[in-house]
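This briefing describes selected features of the structure shown below. The points are grouped by topic and may be followed alongside the sequence and the coordinates.

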Amino acid sequence: MTPRKPPVIRSGGSAPGKVSLLERSDGALPPGKVLDFPAPRRSHRLRNLLLAITAVVLVLGGVVAYVIFSPALALRAVVVEGNALVATAEIESALAPLTGTPLTRISTGEVRALLVDQAPIEDVEIAAEPPSTLVVTVHERVPVAVLQEGGDFVLIDSEGRQLTSVAERDQVKLPLIDGGTNAVNSEVFSSITAVLAELPVSILSRLNNASAASVDSIRLSLTGDQRIFWGSSERSAEKAKVLEAMLAIPESDPPVREFDVSTPDRPVTR
């Protein structure tokens, strides 16, 4: 069999079904020349997008760093609100270590930690007022009674926590619990304070004294030599409403000397 000759490709044209070389008007490509094809437009767009995102992230990072660490936002003044039992000067002094700290770096937890030794303070809220002021809103514990300790009168809350003291009994319109500060260790103390915590301010401010021989015989005394027999601390919320209604009744003749709310469904006056 005679071998077939390879097809001849001519530069002037191409036979039917044959592939021809591309013709150039200026002749063939120089030896070693490589064509440089432009990158697809989609790749350009993606690269530009990535560069833009990177630039934005860098700018935002710089802004955040400035806000967090800038001395322009350093704490210089503290405004205290909501305090009655703790002096403003004491709170400002306790928060003095924060002076110079950027407002953005001061947390509520830090403020709480610095005020933890202030017994009347139950919680705080903070708010920054740029460029250099921190507003501290104080939530104080509520005093419900007074204990006498020597010549001073100590205000306590319903848990027996000593909040502050005053020199004169008349400075505080709260009932005095017998037994001095040792009363907090007595069996009846928690029962008495549980009752006082249920009373509205309108009644609490009229009380002179609170005492109990046992947990079932709590007694209160009002101004004007009127007494209240409370009984136990059970159903205290109901008893408080009944007592409030009884005290709103116009005075009778002879006046009532004792209000018995030990059974709130059947209150008695004597």
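Strand 9, spanning residues 218-222, is mostly covered, with 4 of its 5 residues buried. The model is predicted, and the points below begin with the strands that pair with strand 9 before turning to the nonpolar cores and to individual residues in loops.

**Strand 9 and its partners**

- Strand 8 (residues 207-212) runs antiparallel to strand 9, and 5 bridges join the two.
- Within this pairing, Leu-207 has Leu-222 of strand 9 as its bridge partner.
- The connection from strand 8 to strand 9 is a hairpin of 5 residues.
- Strand 9 also pairs with strand 10 (residues 226-231), again in the antiparallel sense and over 5 bridges.
- Two positions illustrate the register of this second pairing: Arg-219 stands opposite Phe-229 in strand 10, and Leu-222 has Gln-226 as its bridge partner.
- A hairpin with 3 residues between the strands links strand 9 to strand 10, and Gly-224 in its turn has a positive phi of about 85 degrees.

**Strand 10 and the crossover to strand 11**

- Strand 10 is mostly covered, since 5 of its 6 residues are buried.
- Strand 10 is joined to strand 11 (residues 258-260) by 3 bridges, and these two strands run parallel.
- In this parallel pairing, the bridge partner of Arg-227 is Glu-258 in strand 11.
- Between strand 10 and strand 11 the chain passes through helix 6 (residues 236-247), and the resulting β-α-β crossover is left-handed.

**Nonpolar cores**

- In soluble globular proteins, nonpolar side chains tend to be buried together.
- The largest nonpolar core contains 37 residues, and the members that touch the most others are Ile-177, Leu-196, Leu-199, Leu-220, Trp-230 and Leu-243.
- Helix 6 supplies the largest share of this core, namely 5 residues.
- A second, separate core has 16 residues, among them Val-80, Ala-94, Leu-98 and Val-136.
- Which residues does Leu-220 touch, not counting those up to four places away in sequence? They are Val-195, Leu-196, Leu-199, Leu-207, Asn-209, Ala-210, Gln-226, Arg-227, Ile-228 and Trp-230.

**Asp-157 in its loop**

- Asp-157 is located in the loop between strand 5 (152-156) and strand 6 (162-166).
- Is Asp-157 buried or exposed? Asp-157 counts as buried because its relative accessibility is 5%, whereas the cut-off for burial is under 20%.
- A polar atom of the Asp-157 side chain lies 3.0 Å from the backbone nitrogen of Glu-159.
- With neighbours within four places in sequence left aside, Asp-157 is in contact with Arg-141, Val-142, Pro-143, Val-144, Leu-163 and Thr-193.

**Cis peptide bonds**

- The peptide bond from Pro-130 to Pro-131 is cis, and its omega is near 10 degrees.
- Pro-131 belongs to the loop between strand 2 (121-129) and strand 3 (133-140).
- The peptide bond from Asp-253 to Pro-254 is cis as well, with omega near 5 degrees.
- Pro-254 is part of the loop between helix 6 and strand 11, and helix 6 also lies on the path of the left-handed crossover.

**Positive phi in residues other than glycine**

- Asp-225 is not a glycine, yet its phi is positive at about 65 degrees.
- Asp-225 sits in the loop between strand 9 and strand 10, where Gly-224 also has a positive phi.
- Asp-225 has a relative accessible area of 54% and is therefore exposed, the cut-off being over 50%.
- Arg-235, likewise not a glycine, has a positive phi near 60 degrees.
- The position of Arg-235 is in the loop between strand 10 and helix 6.
- Arg-235 counts as partly exposed because its relative accessibility is 38%, a value between the cut-offs of 20% and 50%.

Notes: Residues are numbered from 1 along each chain as its sequence is written. This is a predicted model: local features need pLDDT of at least 70, side-chain atom pairs count only at pLDDT 80 or more; totals for chains, interfaces and linings use all residues. Side-chain values use heavy atoms; hydrogens and water are left out. Buried means under 20% relative accessible area, exposed over 50%, partly exposed in between (1.4 Å probe, protein chains only). Two strands pair if DSSP finds at least two bridges between them. A crossover is right-handed if, with the strands pointing away from the viewer, the path from the first strand over the helix to the second runs clockwise. A nonpolar core is a set of buried Ala, Val, Leu, Ile, Met, Phe, Trp, Tyr and Cys residues joined through side-chain atoms within 4.5 Å. Contact means heavy atoms within 4.5 Å. A polar contact is a pair of N or O atoms within 3.5 Å; within protein, one must be able to donate a hydrogen and the other to accept it, and residues adjacent in sequence count only if both atoms are side-chain atoms.
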